[in-house]
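Biologist: I would like a close look at one part of this model: the charged side chains and where they sit. Please start with them and then work outward to whatever surrounds them.

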Amino acid sequence: MVSIAAKQPQLKIHITHVKTMVTITKRDLVMKLSNETGLTQQEVFAVVQGTLDSITEELAKGNSVVMRNFGAFQVREVKGKIGRNPKDPSKDVPIPPRAVVKFKPGKEMKEKVARILPSLQEEQV
């Protein structure tokens, strides 16, 4: 029996610190605020959920919700249009007008978010 040993190429792996963006959930926010304020998670959850419910109720009435330095939620109308059926492109499909929520970030939020651009560009390299 003849054994032929194939020479394996040497792989050099460089591990660099990559800053990845994560998704923060409502639960994460509740836990963080609970730790910062000393309130129970149930108390913080009630405040956070109440805030979100109030924002949703006002938007459902067609009102705008503005939070200085954070941003503004506004209800906008998207006009109806004619679309195409992907299964049968010869058929037109009417898409009715609808209401959508738009968010416009406030000045302070824009400035803070703009600072992360260099780290995002490093991630993509």
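Modeller: Lys-61 is exposed, because its relative accessible area is 58% and the exposed class begins over 50%. Please keep in mind that this is a predicted model. The side chain of Lys-61 meets that of Glu-58 in a salt bridge, with 3.4 Å from N to O. Glu-58 falls in another class: with a relative accessible area of 28%, Glu-58 is partly exposed. This pair is one of 4 salt bridges counted in the model.

Another of these pairs joins Asp-92 and Arg-84, where the closest N and O atoms are 2.0 Å apart. As a computational chemist you may want to note that value, which lies within the 4 Å allowed for a salt bridge. Arg-84 counts as exposed because its relative accessibility is 56%. Asp-92, at 48%, stays under the 50% limit and is therefore partly exposed.

The pair of Glu-108 and Lys-112 has a helical setting. Their side chains meet in a salt bridge at 3.7 Å, N to O. Helix α3 (residues 107-114) holds Glu-108 and Lys-112, and they are 4 residues apart along it, about one turn of the helix. What is the exposure class of Glu-108? At 35% relative accessibility, Glu-108 is partly exposed. Lys-112 is partly exposed too, with a relative accessible area of 49%; that value sits under the 50% limit, so Lys-112 does not count as exposed.

Now to a charged residue in a strand. Glu-77 belongs to strand β2, which covers residues 71-78. Its relative accessibility is 62%, so Glu-77 is exposed. Leaving aside residues up to four places away in sequence, Glu-77 touches Pro-97 and Arg-98. Arg-98 brings in another strand, as β5 spans 98-105. Lys-102 falls within β5 as well: its C-alpha atom is 9.9 Å from that of Glu-77, and 25 residues separate Glu-77 and Lys-102 along the chain.

That leads to the sheet around Glu-77. The sheet is open, has 3 strands in the order β1-β2-β5, and its pairing is antiparallel. At its edges stand β1 (65-67) and β5 (98-105); each has a single partner strand, so one side of each has no neighbour in the sheet. From one strand to the next, the twist averages 25°. As a general point, strands of a sheet pair through backbone hydrogen bonds, in either a parallel or an antiparallel way.

How many bridges join β2 to β5? There are 8, and these strands run antiparallel. One of the partnerships links Ala-72 to Lys-104 in β5. On the β1 side, β2 is joined to β1 by 3 bridges, again with antiparallel strands. There, Val-65 has Phe-73 of β2 as its bridge partner. The connection between β1 and β2 is a hairpin with 3 residues between the strands, and Asn-69 in the turn has a positive phi of about 70°.

For contrast with the charged side chains, here is a nonpolar part of the surface. Val-22, Ile-24, Leu-29 and Leu-33 make a nonpolar patch of about 360 Å². Leu-29 lies in helix α1, which runs over residues 26-37. With a relative accessible area of 42%, Leu-29 is partly exposed; this is over the 30% that a patch residue needs, so Leu-29 can be counted in the patch.

Finally, the chain that holds these parts. The protein chain has 4 helices and 5 strands, and from the N terminus on its elements run α-α-β-β-β-β-β-α-α. Of its 125 residues, 10% are buried. The accessible surface comes to about 11,400 Å², and carbon and sulfur atoms account for 58% of that. Among contacts with a separation of 6 or more, 35% are between residues 24 or more positions apart.

Methods:
Residues numbered from 1 in each chain as written. Predicted model: local features only at pLDDT ≥ 70, side-chain atom pairs only at ≥ 80, totals over all residues. Heavy atoms only, no water. Helix = DSSP H or I, 4+ residues; strand = E, 2+ residues; numbered from the N terminus. Buried < 20%, exposed > 50% of the residue type's maximum accessible area, 1.4 Å probe, protein only. Contact = heavy atoms within 4.5 Å. Patch = residues over 30% accessible without salt bridge, like charges linked within 9 Å, V, L, I, M, F, W, Y side chains within 5 Å. Areas by Shrake-Rupley, 256 points an atom, 1.4 Å probe, with all protein chains shown as cover. Pairing = 2+ DSSP bridges. Axes fitted to C-alpha atoms, helices over the stretch in contact; angles between N-to-C directions.
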